[in-house]
Amino acid sequence: MQDFAFVASHDLQEPLRKIQAFGDRLNTKYAAALKDEGRDYLERMQNAASRMHNLINDLLTFSRVTTAAQPFLPTDLGEVVREVLGDLETRIEQTDGRVEMGQLPVMEADPLQMRQLLQNLIPNSLKFHRANEPPIVKIFGRLLEGSETQAESPASNGLFEIIVEDNGIGFDEKYLDRIFTPFQRLHARGQYEGTGMGLAVCRKIVERHHGSITASSSPSDGSRFIVTLPIKQTDGENIQ
């Protein structure tokens, strides 16, 4: 993965930048001189280069879950969610959506990767909303061990579930394993943006934290993603 990250960030990015740069020059200087067919070819080339750029970046993100991992530190998940929602403010407004947040704990984790995890799960719920129905996303948690302890001060050896649920289009659970696999999409490229890497990145992050991720859903009935993580990481495993 380290070798791939080096190749992707250097050997692949540079020729792709040239394709995009010369495509932009062609479009700026000569688009008017091209026939409709020529402009169509140019647009297809630029779109393909853009998709490849996004794909390389997503692959780099996937590889860096382990190659650029940081130590586990006490991480306030509530604060992480608030930061992510601040970044998503425009998207939420554009969809006329609403995100509701419940209590979430402080737990041992890689703060940047927890942010990355939620930056994938929350936009995913906003993206796959039903037509003419604003998305409603709920983020909350529950303690699985020592359940008598409150979420803000959970048992140090307990497991905590982080749940992200929505009222969106849902999916058939027979595709459950598929959605966490790299490059797998349940919809045509033109229907929804993305490369099919977001949930694969989520699973890799969760596994690095010795946890698990799954989902429950049915078509047209929303989705619920459940992330199970230890509140406290095992000693000696703070860096992977």
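**Exercise 1. State what share of the residues is buried, then describe the chain as a whole.**

Solution. Of the 240 residues in the protein chain, 39% are buried. The model is a predicted one. The chain exposes about 13,400 Å², and carbon and sulfur atoms supply 49% of that area. Next, take the contacts with a separation of 6 or more: 73% of these are between residues 24 or more positions apart.

**Exercise 2. List the secondary structure elements in order from the N terminus.**

Solution. The count is seven helices and seven strands. Read from the N terminus, the order is α-α-β-α-α-β-β-α-β-β-α-α-β-β.

**Exercise 3. Work out the strand order of the five-stranded open sheet and explain why β2 and β6 each have one side without a neighbour.**

Solution. Step one is the order, which is β2-β4-β5-β7-β6, with mixed pairing. Step two is the edges: β2 (98-101) and β6 (212-217) each have a single partner strand, so one side of each lacks a neighbour in the sheet. Step three is the twist: on average, neighbouring strands of this sheet are turned by 15° against each other, direction ignored. Step four looks at one edge, where β6 and β7 (residues 223-230) run antiparallel and are joined by six bridges. Within this pair, S212 stands opposite T228 in β7.

**Exercise 4. Identify the strands touched by helix α5, and those that helix α3 lies across.**

Solution. Start with α3 (residues 77-87), which lies across β2, β4 (136-143) and β5 (159-166). Its direction is at about 170° to β2. Helix α5 (residues 111-127) also packs on the sheet, where it touches β2, β4, β5, β6 and β7. The direction of α5 makes about 170° with that of β7.

**Exercise 5. Name the residues that touch the most other members of the largest nonpolar core, and follow the contacts of L117.**

Solution. The largest nonpolar core has 43 residues. Those touching the most other members are L117, L121, I122, I139, F180, F225 and V227. For L117, set aside the neighbours within four places in sequence; L117 is then in contact with C202, I205, V206 and V227.

**Exercise 6. Decide whether D96 is buried or exposed, and locate D96 in the chain.**

Solution. D96 lies in the loop between α4 (89-94) and β2. The cut-off for exposed is over 50% relative accessible area. D96 has 57% relative accessibility and therefore counts as exposed. Finally, compare sequence and space: D96 and P135 are 39 residues apart in sequence, while their C-alpha atoms are 7.3 Å apart.

Note on methods. Residues are numbered from 1 along each chain as its sequence is written. This is a predicted model: local features need pLDDT of at least 70, side-chain atom pairs count only at pLDDT 80 or more; totals for chains, interfaces and linings use all residues. Side-chain values use heavy atoms; hydrogens and water are left out. Helices (H or I, at least four residues) and strands (E, at least two) are DSSP runs, numbered from the N terminus. Buried means under 20% relative accessible area, exposed over 50%, partly exposed in between (1.4 Å probe, protein chains only). Contact means heavy atoms within 4.5 Å. Accessible areas come from the Shrake-Rupley method with a 1.4 Å probe; for residues, only the protein chains shown count as cover. Two strands pair if DSSP finds at least two bridges between them. Axes are lines fitted to C-alpha atoms, for helices over the stretch in contact, and angles run from 0 to 180 degrees between N-to-C directions. A nonpolar core is a set of buried Ala, Val, Leu, Ile, Met, Phe, Trp, Tyr and Cys residues joined through side-chain atoms within 4.5 Å.
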